[in-house]
Amino acid sequence: MTQTLPTQAPPAPAVVPALDPRRTFAILAVILTGQFMAVLDSSIVNVAIPSIRGDLHTSGSALQLIVAGYVIAYAVLLVTGARLGDRFGQRRVFIAGLALFTVASLACGLAWNELSLIVFRFIQGVGAAAMVPQVMTLIQRTFTGTARAKALSLYSAIISGGVVVGQVLGGLIVDLDLFDSGWRGVFLVNVPIGAALLVLAPRVLPAGGPRFERKVDVPGLVTLTLSVLLLVLPLVLGHEQDWPAWSWILVGASVFGFAGFVAIERWVAARGGAPLFARRALRAPGLLLTAATLFVIMSTFGGWMFVMAIHLQSTLGYSALHAGLLFIPMGLTFALASLRWDRIPANLHAAMIPAGLVLAAIAMVALGTLLRDGSDFGPLGWILFGLIGLGNGLAFSPLMTRTLAKVPLELAADASGILVTNVQLGVVVGIAAFGTVFLSLAGSTALSAALSACAAR
């Protein structure tokens with residue numbers, strides 16, 4: 001029978017039930033593969049941009065919306081997805097989100113124009129938002145002690161490592177052009193994987209566990225969504241229309257929108273509701289600072305990845321595969337740092353996080369300086385890419401793991417929703433801001449010609 005707890009998160013069970021090691025491995029494999037697909041799709045499309053531009057004749061603004069539309073839906077609906085998981089069960093909501101994500105991926109691969117692709121990408125993000133929050137909760141409720149710490153490290157590595165893998169895999173898929181699919185393959189690749197997971201998930205994921213009547217914060221959800229759109233849309237569309245008055249009005253309105261969101265959240269909490277960002281979760285040790293730091297990291301990283309993918313193929317004239325392969329050193333060093341950072345002495349962990357961010361920032365500036373005049377990519381570029389991955393790996397994974405390890409089990413769903421929402425909102429803002437600056441400086445006519453030339457190759 002469903003228990004009703006309208007104003008608080010579900011209490012933690014005294015003991016996490018012990019499961020067979022093979023079963024726990026299967027659970028982790030299924031949920032992390034789903035998580036990997038969701039993260040992958042935030043970046044895999046980047047290196048397919050020239051191909052999409054040439055086939056669908058999209059504008060620069062449409063390209064940004066194709067990339068960011070997925071992340072917008074993913075970001076603003078994550079906490080709601082977590083609430084639905086507590087209400088209807090993580091297994092059921094994970095499978096429902098996976099099914100929607102898989103069907104939307106098929107629709108993206110069959111899209112006939114830029115508008116249909118933008119719409120299907122948004123629906124794909126809705127599916128990801130239902131699926132992803134269940135991953136953290138299932139980890140928290142399935143693993144304990146050292147096993148939980150290792151699972152959290154893998155989870156953190158998947159979140160950011162998937163972004164890098166997406167660049168490489170996207171380039172490979174576009175260049176292979178299997179069955180003459182071109183850019184469509186970057187979406188269609190999800191279909192067989194999703195179908196396999198849909199067969200395995202009902203057999204592997206635990207069906208038990210407590211269920212709770214978690215209220216959905218509709219006023220907060222609507223206000224947050226509108227505020228994000230008020231900020232992102234003028235950033236994306238304004239540069240192609242020479243920044244008309246309406247674009248600045250919308251940006252200003254977004255400030256009031258976010259202020260209204262805070263007021264509405266307080267109002268919902270005062271009336272005994274369940275705000276999107278629960279006050280108890282926000283008070284968890286270090287959570288707010290971690291959320292703000294992750295927002296800055298991912299806005300920089302997400303925007304940089306978007307711009308770099310275009311620059312490598314337009315200005316430098318590399319193929320999609322060549323551009324994607326250049327990200328391999330970053331992926332390898334990130335994975336190494338993400339999975340091995342705990343071997344560094346514990347007394348250095350706190351200092352390691354800012355040191356990693358400084359290293360990544362210096363390497364990004366150096367890489368920008370190296371490539372600013374259109375010079376070819378040489379060995380130094382590979383080294384700098386590797387240092388960017390190393391720095392981010394030394395910061396991102398330990399930051400996530402150290403913070404989430406301090407969160408009580410009863411706040412797992414809300415805390416994971418808050419952190420991952422900030423990660424994805426950071427990506428949205430980064431793509432909009434970095435993409436707008438890049439497209440403005442490059443000039444839409446020159447860039448369109450370059451992208452079309454790349455697509456023709």
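Let's start at alanine 274, which sits in the loop between α11 (245-270) and α12 (279-282). Helices here, and strands too, are DSSP runs numbered from the N terminus: H or I over at least four residues for helices, E over at least two for strands. Alanine 274 is buried, at a relative accessible area of 11%. Buried means under 20% relative accessible area, exposed means over 50%, and partly exposed lies in between, with a 1.4 Å probe and protein chains only. Valine 218 is 56 residues away from alanine 274 along the chain, yet their C-alpha atoms are separated by 9.9 Å.

A word on the source. This is a predicted model, where local features need pLDDT of at least 70 and side-chain atom pairs count only at pLDDT 80 or more, while totals for chains, interfaces and linings use all residues. Residues are numbered from 1 along each chain as its sequence is written, and side-chain values use heavy atoms, with hydrogens and water left out.

Now the overall picture. The protein has 19 helices and 0 strands. Of its 457 residues, 55% are buried. Contact means heavy atoms within 4.5 Å. Take the contacts between residues at least 6 apart in sequence: 85% of them join residues at least 24 apart.

Next, the core. A nonpolar core is a set of buried Ala, Val, Leu, Ile, Met, Phe, Trp, Tyr and Cys residues joined through side-chain atoms within 4.5 Å. The largest one has 123 residues. Which residues have the most contacts inside it? They are Tyr74, Phe94, Ile139, Trp304 and Phe327. Helix α13 gives this core its largest share, 13 residues. Look at isoleucine 139. Leaving out residues up to four places away in sequence, isoleucine 139 touches Leu28, Ile31, Leu32, Ala151, Leu152 and Tyr155.

On to helix packing. Two packed helices are described by the angle between their axes and the distance between the axes. Axes are lines fitted to C-alpha atoms, for helices over the stretch in contact, and angles run from 0 to 180 degrees between N-to-C directions. Angles under 35 degrees count as roughly parallel, over 145 as roughly antiparallel, 65 to 115 as roughly perpendicular, and the rest as oblique. A crossing is left-handed if the near helix is turned anticlockwise from the far one by less than a right angle, and right-handed if clockwise.

First pair: α13 (residues 287-314) and α16 (residues 349-371). Their axes come within 13 Å and cross at roughly 20°. So α13 and α16 are roughly parallel to each other. Their crossing is left-handed. From α13, Thr293, Ile297, Thr300, Phe301, Trp304, Met308 and His311 meet Leu357, Met364, Leu367 and Leu371 of α16. That contact has 8 nonpolar, 3 polar and no charged residues. For the classes, Ala, Val, Leu, Ile, Met, Phe, Trp, Tyr, Cys and Pro count as nonpolar, Asp, Glu, Lys and Arg as charged, and the others, Gly among them, as polar.

Second pair: α13 with α17 (residues 379-404). Here the axes come within 11 Å and cross at roughly 150°. Therefore α13 and α17 are roughly antiparallel. This crossing is left-handed. On α13 the contact uses Leu287, Thr290, Thr293, Leu294, Ile297, Met298, Phe301, Trp304 and Met308; on α17 it uses Phe385, Ile388, Asn392, Phe396, Leu399, Met400 and Thr403. The split is 12 nonpolar, 4 polar and no charged.

Asparagine 392 comes up again. Alanine 355 and asparagine 392 are 37 residues apart in sequence, and their C-alpha atoms are 9.6 Å apart. Alanine 355 lies in α16. It is partly exposed, with a relative accessible area of 46%.

Third pair: α2 and α3. Their axes come within 11 Å and cross at roughly 125°. That makes α2 oblique to α3. The crossing is right-handed. Ile49, Ile52 and Arg53 of α2 contact Leu63, Ile66 and Val67 of α3. By class: 5 nonpolar, no polar and 1 charged.

Histidine 57 is in the loop between α2 (49-56) and α3 (60-76). Most residues other than glycine have a negative phi. Histidine 57, not a glycine, has a positive phi of about 55°. Is histidine 57 buried or exposed? At 61% relative accessibility, histidine 57 counts as exposed.

Last residue: threonine 80, in helix α4 (residues 78-88). Threonine 80 is buried, at 10% relative accessible area. Beyond residues up to four places away in sequence, threonine 80 touches Val216, Leu221 and Leu276.
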